[in-house]
Amino acid sequence: MHRHVARYRLLVELCLLLWRHAFPTEQGATTRFAQFIADEQAMGLLFEQFIRGFLDVECPDVRLPSRNLEWCCSGSSEARKWLPRMEMDIPVQLGSQRLVLECKFYRNPWAEQRGRRTIHSAHLQQLYSYLENDHRQGGIRAHGVLLYAAAGDETRLDFELCGFPVSVRTLDLAQQWPRVDAAVRRLVAEWRAPTSTGQVFTSTG
């Protein structure tokens, strides 16, 4: 999709969505649209693309650098070929403030240990890996953000993870669009100012 036909991108994407989720009925004469809201992987990708698109269109002062990271490792070129690709969800540059933003969509965003809610350890490990490799390459300690789509849940956590500031936020998508729009803009306003770390703040409703 080059710039001369870029205006058709939305139509092509809609057609692709219909094609991927249209299944023939038993009679074979018609098709039905299979809901993908239960597909956490598909919804997670959609959530990530929504946040990326919002930042790109509505926040002109925000830069979205390359998502790719190189592994900080040594070894033969043959061995290095076996390393998987490392790709962040949304790296963000806001003036001198750099963020590594990871978007998560799960029916239940939290883990549970001994009757209490916790952050999924795999999500923290993934975010830390991105922060550490990004720091080794660029020399800047980025601010890591885990952003969860969570209906009816407002959770705000700020802490320091091995020297990196980390924030955990939820975004309630089960609201009318003006409220979603305002909520994302509040998050961007937060990111423009570095978050103080060392303490944990939680507000859940």
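How many helices and strands does the secondary structure of the protein come to? The answer is five helices and 11 strands. The structure described here is a predicted model.

**Overall picture**

Taken along the principal axes, the C-alpha atoms of the protein fill a box of roughly 60 × 50 × 40 Å. The protein has 205 residues, and 36% of them count as buried. Among contacts between residues at least 6 apart in sequence, 56% join residues at least 24 apart.

**Nonpolar cores**

The largest nonpolar core holds 24 residues, and the members that touch the most others are I51, L55, L101 and W191. At least two residues of this core come from each of α2 (40-58), β5 (90-94), β6 (97-105), β9 (143-149) and α5 (177-192). Helix α5 supplies the largest share, six residues. The surroundings of L101 show how these parts come together. Leaving aside residues up to four places away in sequence, L101 touches I51, L55, D89, I90, V145, L147 and W191. A second core, separate from the largest, has 17 residues, including M86, V100, I119 and Y148.

**Pockets**

The two largest pockets are set side by side in the following table.

| Pocket | Volume | Lining | Nonpolar, polar and charged residues | Element giving the most |
|---|---|---|---|---|
| Largest pocket | about 540 Å³ | 15 residues | nine nonpolar, three polar, three charged | α1, seven residues |
| Second largest pocket | about 270 Å³ | 13 residues | three nonpolar, three polar, seven charged | α5, four residues |

In the largest pocket, the lining residues that lie nearest the centre are E13, L17, R20, L46 and Q49. The elements that give two or more residues to this lining are α1 (9-21) and α2. Helix α2 is also among the elements that each supply at least two residues of the largest nonpolar core.

In the second largest pocket, E154, T170, L171, A183 and R186 are the lining residues nearest the centre. Here β11 (164-171) and α5 each supply at least two residues of the lining. Helix α5, which gives four residues to this lining, also provides six residues of the largest nonpolar core.

**Two arginines in contrasting settings**

Is R169 buried or exposed? Its relative accessible area is 3%, which is under the 20% cut-off, and R169 therefore counts as buried. R169 lies in strand β11. Its side chain is joined to that of E190 by a polar contact of 3.0 Å. Not counting residues up to four places away in sequence, R169 touches L146, L147, Y148, T155, R156, L157, D158, L187 and E190. Among these neighbours, L147 is also touched by L101, and Y148 belongs to the second core.

R85, by contrast, is found in the loop between α3 (77-80) and β4 (86-87). With a relative accessible area of 65%, R85 passes the 50% cut-off and so counts as exposed. Which side chains does the side chain of R85 meet in polar contacts? One is the side chain of N68, at 3.2 Å, and another is the side chain of E87, at 3.3 Å. R85 and W71 are 14 residues apart along the chain, and their C-alpha atoms are separated by 8.6 Å.

**Summary**

In this predicted model, the largest nonpolar core of 24 residues is accompanied by a second, separate core of 17 residues. The largest pocket has α1 as the element that gives the most to its lining, while for the second largest pocket that element is α5. Finally, R169 is buried, whereas R85 is exposed.

Terms used. Residues numbered from 1 in each chain as written. Predicted model: local features only at pLDDT ≥ 70, side-chain atom pairs only at ≥ 80, totals over all residues. Heavy atoms only, no water. Core = buried A, V, L, I, M, F, W, Y, C linked by side-chain atoms within 4.5 Å. Buried < 20%, exposed > 50% of the residue type's maximum accessible area, 1.4 Å probe, protein only. Contact = heavy atoms within 4.5 Å. 1 Å grid on protein atoms, 1.4 Å probe; cavity = no way out; pocket = protein on both sides within 12 Å on 5 of 7 lines; lining within 4 Å. Points joined across faces, edges and corners; volume = space filled by probe spheres on them. Nonpolar A, V, L, I, M, F, W, Y, C, P; charged D, E, K, R; others polar. Polar contact = N/O pair within 3.5 Å; in protein donor to acceptor, adjacent residues only side chain to side chain.
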